[in-house]
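Subject: The structure we talked about

Hello,

Here is the structure I promised to pass on to you. Have a look at it first, and then read on for what turned up in it.

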Amino acid sequence: MRFRSILALLVLAAPVSLAAQSPFSGDGGVSSGIIYKRYSFGSTYPTKNVEQIAVPFGVVIPIGRQFSVDIGTYYANTKTHDAATGDAHTLDGFTDTQVRGSYVFGNDRLVLSLMLNLPTGAEKQTQQELDVSSAIASNFLLFPVASYGNGFSGTLGAAVAVPAGGWNLGLSASGRLSAKYQPYDDPDTAISNLRYKPGFEGRVRVGADHLIGASRLALGFTLSTFSNDQATGGGSPGAYSPATRYISQVSLTSPIGSNSLAVYAWDYYRSSSKSDSLVGFSSKENIFTVGAQLGIQAGPKVSIQPLIEARVLGSAPASGSGFLFGGGATARLEVTPRFSLIPGARYDTGHIKSTAVGQPSVTGFEGSLRLRYAL
């Protein structure tokens, strides 16, 4: 079990966003719940507010000690209100379903995984639905569901962990191939006949953790690179070059009596794309986040995790920037040895700034209730 924590992080080098928990979290289980998230914007912003209700469904099925399967999807309802007209626009339905099988070799040092993205979500969208979908795609706002459908894809990944003195070191790599799909279905626009083929994605991640006294330091770095996307048919056919992504992470977790304190930071950087001259603005983006979370053991069956966090957006598309500061808490209530409830709430405040909208305020609220049943 020594290396399973770092392998659990490294296998995420595959482009996966499952509602289910990691297959390396122990016994299998079923998880669900409900998440409500809402952002409201100042008067100069074209959208008055964006709100989303998301219901995750996930299951982890261990098959023997070495092999496990996890399956995850969401049902989500997203609504936007136009600032000028007050009109409401809605997009709801299931997202794509992700199915992953993982096999651990030897003494928990090597894992192979295969993930399939099944197109059960809203693959074809009208122009109005596309506008709603674009409102939740921000890496800065981090909605529970940022995309409803992306077509079929398959991802093969491998991760390995080894000891090195007092360190645990890990390396993982994955590759994703995606099928062509039709992203739009609006007979009133020229893009209705567009067919989109995402390029190949390659991802490499390195990770390390180390004990410093009674504290644990964890480090991670991920590089994602892409071949050209291809668009054919109506609209704007041609080749589009996605930008390279870099993600850096660091955390330090320390015991405080029977409790714990985790201090963390991560940085997401997307370089400029070769296609920026075609779309008319820079895709360069940088998001830096720093935060701290307490782990308080309030009783034998109750734990509470209050947190504070600051997030800074810089070099965003169309020369935008932003800042959010928030706080909140989650709790874990062990109802039975197998069944747990995890309620949570969070509030954020800040602003978004660009030449197009000025500097409107942003306030956000999130409330959630997650359920977990161990098999």
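To begin with a small piece of the fold: in what order do the 3 strands of the open sheet lie, and is their pairing parallel or antiparallel? The order is 9-12-13, and the strands pair in the antiparallel sense. Strand 9 (195–197) and strand 13 (238–240) each have a single partner strand, so they form the edges and one side of each has no neighbour in the sheet. On average, neighbouring strands here are turned by 20° against each other, if direction is ignored. Between strand 12 (residues 229–232) and strand 13 there are 3 bridges. If you want a place to look at this pairing, find A231, which stands opposite G238 in strand 13.

Now a step back to the whole protein. Please keep in mind that this is a predicted model. Its mean pLDDT is 86, and 86% of the residues reach 70 or more. The stretch to treat with care is residues 12–26, where the pLDDT is below 50. Even so, that stretch has 56 contacts in the model beyond near neighbours in sequence.

The protein has 375 residues, and 42% of them are buried. In secondary structure, there are 3 helices and 20 strands. Of the contacts between residues at least 6 apart in sequence, 59% join residues at least 24 apart. The accessible surface is about 17,800 Å², and carbon and sulfur atoms account for 62% of that.

Next, strands 3, 5 and 6. Strand 3 (residues 67–82) runs antiparallel to strand 5 (residues 97–105), and 6 bridges join the two. One spot to check is S68, which has S102 of strand 5 opposite. Strand 5 also pairs with strand 6 (residues 110–118), again antiparallel, through 9 bridges. There, Q98 has N117 in strand 6 as its bridge partner. Strands 5 and 6 make up a hairpin with 4 residues between them. In the turn you will find G106, which has a positive phi of about 55°.

Finally, the aromatic rings. The model holds 7 aromatic pairs. One of them is F57 with F94: the ring centres are 6.3 Å apart and the planes stand at 40°, so this pair is tilted. Because F57 lies in strand 2 (residues 47–63) and F94 in strand 4 (residues 88–94), the pair ties together parts that are 37 residues apart in sequence. F57 is partly exposed, with a relative accessible area of 37%. F94 is partly exposed as well, at 43% relative accessibility.

F94 also pairs with Y75, and that contact is edge-to-face, with 5.2 Å from centre to centre and 75° between the planes. This pair too links distant parts of the chain, since Y75 is in strand 3 and F94 in strand 4, 19 residues apart. Y75 counts as partly exposed, with a relative accessibility of 31%. Through these ring pairs, F57, Y75 and F94 are linked into a cluster.

When you open the model, you could start at F94, which has a ring pair with Y75, and then go on to strand 5, which is joined to strand 3 by 6 bridges and to strand 6 by 9.

Enjoy exploring it, and do write back with any questions.

Best wishes

Definitions and conventions
Residues are numbered from 1 along each chain as its sequence is written. This is a predicted model: local features need pLDDT of at least 70, side-chain atom pairs count only at pLDDT 80 or more; totals for chains, interfaces and linings use all residues. Side-chain values use heavy atoms; hydrogens and water are left out. pLDDT is the predictor's confidence in each residue, from 0 to 100. Contact means heavy atoms within 4.5 Å. Rings of Phe, Tyr and Trp (its six-membered ring) pair if their centres lie within 6.5 Å; planes under 30 degrees apart count as stacked, over 60 as edge-to-face and the rest as tilted. Buried means under 20% relative accessible area, exposed over 50%, partly exposed in between (1.4 Å probe, protein chains only). Two strands pair if DSSP finds at least two bridges between them. Accessible areas come from the Shrake-Rupley method with a 1.4 Å probe; for residues, only the protein chains shown count as cover. Axes are lines fitted to C-alpha atoms, for helices over the stretch in contact, and angles run from 0 to 180 degrees between N-to-C directions.
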